[in-house]
Each structure stands twice: as structure tokens, then as C-alpha cells.
Amino acid sequence: MSYLSSIDFFDDKDFLDRYQYTLRTGEMDLSWMHAATETVQCTPQNPRRGLTFRDLDVGSYGFTEMPELIRHNRSFAPRGAEIPAGLPDLQAEVNRKSEVWAYNIEGYYEEAMSRQWNATTDIPWDDLSQCELPEEIGKAYSQLLTFLTEVEMIATDVPAKWLGRLNAEFFEVKNFIATQAMDEARHAEVFRKRALSTGWGLMKASRANECNLKFLRDADSFAEASLTLHLQAEGMVLTMFRFSEFISPTEGDKKLFRLVMQDEARHVGYGMQHLKWVLDHSPDKREVIHQRLDEAENFVFGGGYATEVLEPFIILSGKGMKAENIQQGLRITAQFNLKQIDEYFERLDKCGLPERRERSKLAQINEMTRAILAEQPGNGMPQLP
């Protein structure tokens, strides 16, 4: 047992006497009625939208005036409540606002709650069960789904790992992270279900990919975990989801990817707004951020371009394994790789880190890819989404 009370209440005479006295006499203490807290009555600023977290940003209950460093509350007490002596210390590891906060965090939570979907009923499983895929397409798609299930499992574990380590004062962030863990669990669910409905089942796990994923889990701080998970990893996965919709073998599969994209875009949005907050409020961390991205980009290149990832994309985008299909698949996949990295740099530009493009080795990979594309025969490249 990791935590023991300092009092055995079943044997504490004062506590038992007080309990029995209250029940017998009805005489109450009522000190809680005089809590040293603000009296407020929050109402919706927009009745059609309902009562949101933004409407609760009032006085000591609000988040705008929250200090950078939380010293007064290390318990479960909600922000704004009176905190009596003797509350247990939860030993929160993350107590600085700049390590977790993001512009519009309250809005991301509200969006998450209003856009939930069901992997059991919102996917046309009956239609998908009647679609027979050619062997090479079915196996390539199942391999992609296996890879994505690996990705979404770690994307569930990482935010869940940090959830209990954040100070309770960061209420809106903790609530958003809880919705993210649920989103990612649903993604892992839907990819597993689709793999097992293809007729081929799951295929092969990827060592290179899992080394990349372990790096996300092992971050030393929440800020580092957020930078690499929300912005770098999920940002690239968001582009991958859009590409996967483009090359999906059926309309039902396209709907599947549209649904996971709407969740992933929200997670990436939080990551971007968190990085902007850090750069605005802790500009001295700029070099630390670059160092973390140096290491992250090494792993993402090794994992995201591994054989178990690259080859299924080539087969699916080329729609087969004949020589002409493979050539077409190579060109389309190379275009996707370029787009994935370009969009990554565009997000960093918007966050206030434009110099990343000059420092990153991924930029060199893009130049190499463009050179290879220029050598390839064939025209008529389809416009990627």
C-alpha cells in the first residue's frame, strides 16, 4: 500500500463520539457554511452555447489571474475552494503554469466534449464487411492499421501518464488531457476493429516505430512530452491521416479517417497553442526546445519512414504491386513525405519558431526527396490533400 492514513478512524474515540453525537442530537458544526471563498453566480455569455469554462473565468475561480507558480495548493481541492490545514500533499510534479497552459485551452475542452463519436456505431461496419480487397491491398492496409494502432496506444498512454502529475489548479488542462486520452483510446479501438475486419487481421509490429514511441513516453517533463507528442508526432500523424483518407480503399475507410482527423487536429491545436504560450512567457527555453526537437526528429525519421510504414503507403497509393503501380506509389508517397515535413515546419513557424527549418535535418531529407523525385520518370502527379 503506497498511502496509509495517519489515523485509524474506526478506533479514533473523538471522531466516533462526534459522529454519534451529531446523529443523536442533530447539532451540527456548519463551519463549512462560512468558507472564505467568493460568492459568485456565473451565467452563460451566450445562452445558445451553454455554460462554458470561459464563463467561469471569474475572480479566484478563474484561470486568467492564476499565478505562474502554484504554492498554496498541493491537494485535490478545486481552484477557488477554501483550503484547510492538514490536506494531503499529492506531490504534484508539474506546478508551473507555463509548463502546461495553452491559449484557448478552455475552448479545446469544450470542442472535445461536443464532438465525441462512437467507433462502434459511427463507422459503416456492415458496408465495410462486404468489401473484398485484393490480397496486396488488403495486406498493405492491414499493415498500415497495425502501425496506427501502435501509434494510438502510446498516444493514449502519454497524456494518461501525466494526468495525475499536474497540479489540481490546472483544472482546464487536466480536463482536456482526459478527453485526449479518451480520443486516442477510441482511435486505437477503431484501427484495431478495422484491421480485424479486413479479412487479414493485424500484421507486423515495427521496431523502429516503437523506439520512436518510447521516446515520447520517456520525456523528462510535461512540456517536453507535449512538444513532441502534440506538435511534432501528432502533427505529422495528422498529415498522415489526411493522406490515408486520400489513399483509402473504400468510402467507409475515408469516413473513418475523417473522424480521427477531427480529434487529431484538436490535439495538435493544443500543442501549438502551448508552445506559443511557452515561447511568449519563457523565452529562455528556446534552446531547450530546439534540443528536444533535434532528438525527436531523429526518432520520427527512423520510425515514420521504416519499412513497415513506407512500403504499405507505396502499395496503397499506387493501388497494386505491378511495376507501374509501384512507380506511381513511389511518386505519391514521396509527395506525401514532402508535405508532412513542410506542414511540420509551417506549424512551428506559426508558433514562433521560424528558425527551426534552418536547423533541422528533416529539411535536408526534404531536399534529398525532391532531388529523387526530379530524377523519376512520369508526369500527371495527383494533387494531394
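This is a short walk through one protein chain, from its overall build down to a few single residues.

Keep one thing in mind from the start: the model is predicted.

Let's begin with the whole chain. How many helices and strands does the chain have? The count is 13 helices and zero strands. Read along the sequence, then, the pattern is α-α-α-α-α-α-α-α-α-α-α-α-α. On screen, the C-alpha atoms fill a box of roughly 90 × 50 × 45 Å along the principal axes.

Next, the inside and the outside. The chain has 385 residues, and 48% of them are buried. Its exposed area is about 20,100 Å². Carbon and sulfur atoms supply 54% of that area.

Now contacts. Take those in the chain with a separation of 6 or more. Of these, 77% join residues 24 or more positions apart.

Charges come next. The chain carries 44 positive and 60 negative charges. How far apart are their mean positions? The answer is 3 Å.

On to single residues. Please find I70. Where is I70? Look in the loop between helix 1, residues 13-25, and helix 2, residues 105-114. Is I70 buried or exposed? I70 counts as buried, because its relative accessibility is 3% and the cut-off for buried is under 20%. What does I70 touch, leaving aside neighbours within four places in sequence? The partners are N95, N167, E169 and F170. Let me add one distance. I70 and E172 lie 102 residues apart in sequence. In space they are 15 Å apart, C-alpha to C-alpha.

Now move to H290. This residue belongs to helix 9, residues 286-304. H290 has a relative accessibility of 4%, so it counts as buried. Again, set aside neighbours within four places in sequence. H290 is then in contact with L353, E355, R356 and R359.

Last, the cysteines. How many disulfides does the chain have? The count is zero. For that count, a pair of cysteine sulfur atoms has to be within 2.5 Å. Two cysteines are worth finding on screen. C42 is partly exposed, because its relative accessible area is 28%, and partly exposed runs between 20% and 50%. C351 is at 5% relative accessibility, so C351 counts as buried.

To recap: 13 helices, zero strands, and zero disulfides. I70 is buried in a loop, and H290 is buried in helix 9. That's the tour.

Terms used. Residues are numbered from 1 along each chain as its sequence is written. This is a predicted model: local features need pLDDT of at least 70, side-chain atom pairs count only at pLDDT 80 or more; totals for chains, interfaces and linings use all residues. Side-chain values use heavy atoms; hydrogens and water are left out. Buried means under 20% relative accessible area, exposed over 50%, partly exposed in between (1.4 Å probe, protein chains only). Helices (H or I, at least four residues) and strands (E, at least two) are DSSP runs, numbered from the N terminus. Contact means heavy atoms within 4.5 Å. Accessible areas come from the Shrake-Rupley method with a 1.4 Å probe; for residues, only the protein chains shown count as cover. Lys and Arg count as positive and Asp and Glu as negative; His and the chain ends are not counted. The place of a charge is taken as NZ of Lys, CZ of Arg, CG of Asp or CD of Glu.
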